[in-house]
Structure formats: structure tokens, C-alpha cells
Amino acid sequence: MRLGLFGHGAMGRLVEARARADGHEIGLVLTSRDAARGAAELAGELRGHDAAIDFSVADAVLRNVEACARAGVTLVEGTTGWNEQADEARRIVAAHGGSLVYGANFSVGVQIFYRVVRAAAEMLSAAGGYEPFIEEAHHSRKRDAPSGTALNLRAIVEEAARAESVSVASTRAGHIPGTHRVGFDSAADTVTLTHTARSREGFAAGAVLAARWIQGRRGVYEFAEMFDDILKG
Ligand SMILES: NC(=O)c1ccc[n+]([C@@H]2O[C@H](COP(=O)([O-])OP(=O)(O)OC[C@H]3O[C@@H](n4cnc5c(N)ncnc54)[C@H](OP(=O)(O)O)[C@@H]3O)[C@@H](O)[C@H]2O)c1
């Protein structure tokens, strides 16, 4: 595949390395220097790419979605912190018959963690007497808090445990790799489940996998939906 990259920071560079190692070619690479450029101009430069992968900033997401949709290029959206613009992104993709796969966490381990947390929340809710809580910690460069992954975990726990407004605590300091802990506390004991990212390479591998998976598909998919499809074999 020929891949375009929005963002060439910590994640963008890892995606480039992973994509090249898998035999893909890198075309357009955009950074903050391109912040003022519009969707129409970028669409012209994106034509001829098979997919674009975005790990940039939330402010640039709608422009990037529109540029890819106009160019007919599938988009893997890894940037976080743009939930409030999700409806607009869906509208843009639908208007151009485009395709988009997005997710706050492209790690395979986290996808499994989501499913384990759902099962635990269902069981502990059925048992009764347990109150859920979520804690997350990341390096100080991470801009959004709570993390997109923590928001997903909260939605999963609230649905599975039929709980309301589950508490989420966020820490931003130093170089902490992404850490998410889901706890269920009762008068008798506490059950905790923790996922700790050891490196960001798992996210890059997931992004390249998503770029392959979405080829030939139309519409908007969550990374979790893609993972369900892959699990089905
Ligand atoms: N989905 C996942 O699995 C996952 C995993 C990790 C991180 N993330 C998210 O991915 C995003 C990027 O993370 P990161 O750690 O790679 O951040 P980073 O190191 O700060 O890199 C951000 C990159 O975006 C570029 N940029 C800034 N404004 C831009 C614009 N308007 N247009 C195009 N590029 C622009 C920056 O340009 P300069 O190089 O000029 O500064 C930089 O290259 C964050 O939202 C983070 O939360 C998601």
C-alpha cells in the first residue's frame, strides 16, 4: 500500500517504521507546518494513496477526514480528543461515500482488555455489592484527559454493570506509558484489572493492520468492530 501520514511525532514515526518493515510505501507526510492548509488542497496531494493514517492533533481531525473523503482515500484515525466532532466526521464520510476506521486505542491487548472488563462487570454486577471505578495514567505530553481508552472503559462498565457515572481519575506525569486500571470495590474486597502498555509499537501495528482491513470497505467503523471481525476469522 501507499500510505499518507498525518502527524510525524512519536506515533507517526513508529507507523512509518512499521509500514516500511511490512513492505508498504510512505507518500505524503504532514506535520504542524501544514496546519494552515485546507482539505481541498490536501485532497489533491492524497490522490494515488491507498490509505492515510492520522496521529496528529484533535483540531486537525475534521480537515483530515474531509481531505481523505474528497480524495477517495481510506482513513485510519488514531488521534484522540475529537469525540464531540464525531457526528460531523460521519456526515463528511457519508457525503463522499468514503471510509474511516477510528479508535482511541489500537493495541490488540487493549481490545482483549475491553472484553475481559465487560465480562467482569457483568459478573460483579450480578453478584451485587460492587462499585466500579477507573484510573488511568499517561506521560505529561498527552493532551486529552481522561484518555479516550478510559472513556471507552467507562462506557463498557456503565453498560455492563448498569452503573451510572463511574468515577474516572487521570494522572499526567513524566514518561508513564498508558496505564488503565478498572476496579470493583465491595465491603469485603476489591477486584482490579490492569492494562499497561510497554511501548507504543503495538498501536502502530494496529494502525497498519486497520489500513489493510479497511481496503474495499465503505463507511465508518470503530477499531473494536474491526477487531470483532478479525476474531470471527
Ligand atoms: N489510537 C491509538 O492507539 C493512539 C495511541 C497513541 C497516541 N494516540 C493519539 O495520537 C495523537 C498523536 O500522538 P503522538 O504521541 O504521536 O503526538 P506527538 O508526538 O505530539 O505528534 C503529533 C504530530 O502531529 C503533528 N501536527 C500538529 N498539528 C498538526 C496539523 N494541524 N496537521 C498535521 N499534523 C499536525 C505534529 O507536528 P510537529 O512534528 O511539527 O510538531 C506532530 O508530528 C494524540 O491524539 C494521541 O492521544 C492514539
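Biologist: Why is Trp213 called buried?
Modeller: Its relative accessible area is 12%. Buried means under 20%, exposed over 50% and partly exposed in between, with a 1.4 Å probe and protein chains only. So Trp213 counts as buried. The model is predicted: local features need pLDDT of at least 70, side-chain atom pairs need 80 or more, and totals for chains, interfaces and linings use all residues. Residues are numbered from 1 along each chain as its sequence is written, and side-chain values use heavy atoms, without hydrogens or water.

Biologist: And what makes Tyr221 buried?
Modeller: A value of 19%, set against the under 20% cut-off.

Biologist: How many aromatic pairs are there in the whole structure?
Modeller: Four. Rings of Phe, Tyr and Trp (its six-membered ring) pair if their centres lie within 6.5 Å; planes under 30 degrees apart are stacked, over 60 edge-to-face, the rest tilted. Phe106 and Phe223 have centres 4.7 Å apart and planes at 25°, so this pair is stacked. The two residues are 117 apart in the chain: Phe106 sits in the loop between strand 5 and helix 5, Phe223 in helix 8 (residues 223-231). Helices (H or I, at least four residues) and strands (E, at least two) are DSSP runs, numbered from the N terminus.

Biologist: How do you know that Phe106 and Phe223 are buried?
Modeller: Phe106 has 2% relative accessibility. Phe223 has 1%. Both values fall under 20%.

Biologist: What makes the Trp213 and Tyr221 pair edge-to-face?
Modeller: The planes stand at 90°, which is over 60, and the centres are 5.1 Å apart, within 6.5 Å.

Biologist: Which residues form a cluster with Phe106?
Modeller: Phe55 and Phe223 join Phe106 in one aromatic cluster.

Biologist: Why is Ser99 called buried?
Modeller: Its relative accessible area is 5%, under the 20% limit. Ser99 belongs to strand 5 (residues 99-102).

Biologist: What makes the approach of Ser99 to Arg218 a polar contact?
Modeller: The side chains come to 3.2 Å. A polar contact is a pair of N or O atoms within 3.5 Å; within protein, one must be able to donate a hydrogen and the other to accept it, and residues adjacent in sequence count only if both atoms are side-chain atoms. The Ser99 side chain also reaches the backbone oxygen of Arg217 at 3.4 Å.

Biologist: How do you know that Thr80 makes a polar contact with the ligand?
Modeller: A polar side-chain atom of Thr80 lies 2.6 Å from a ligand oxygen, within 3.5 Å.
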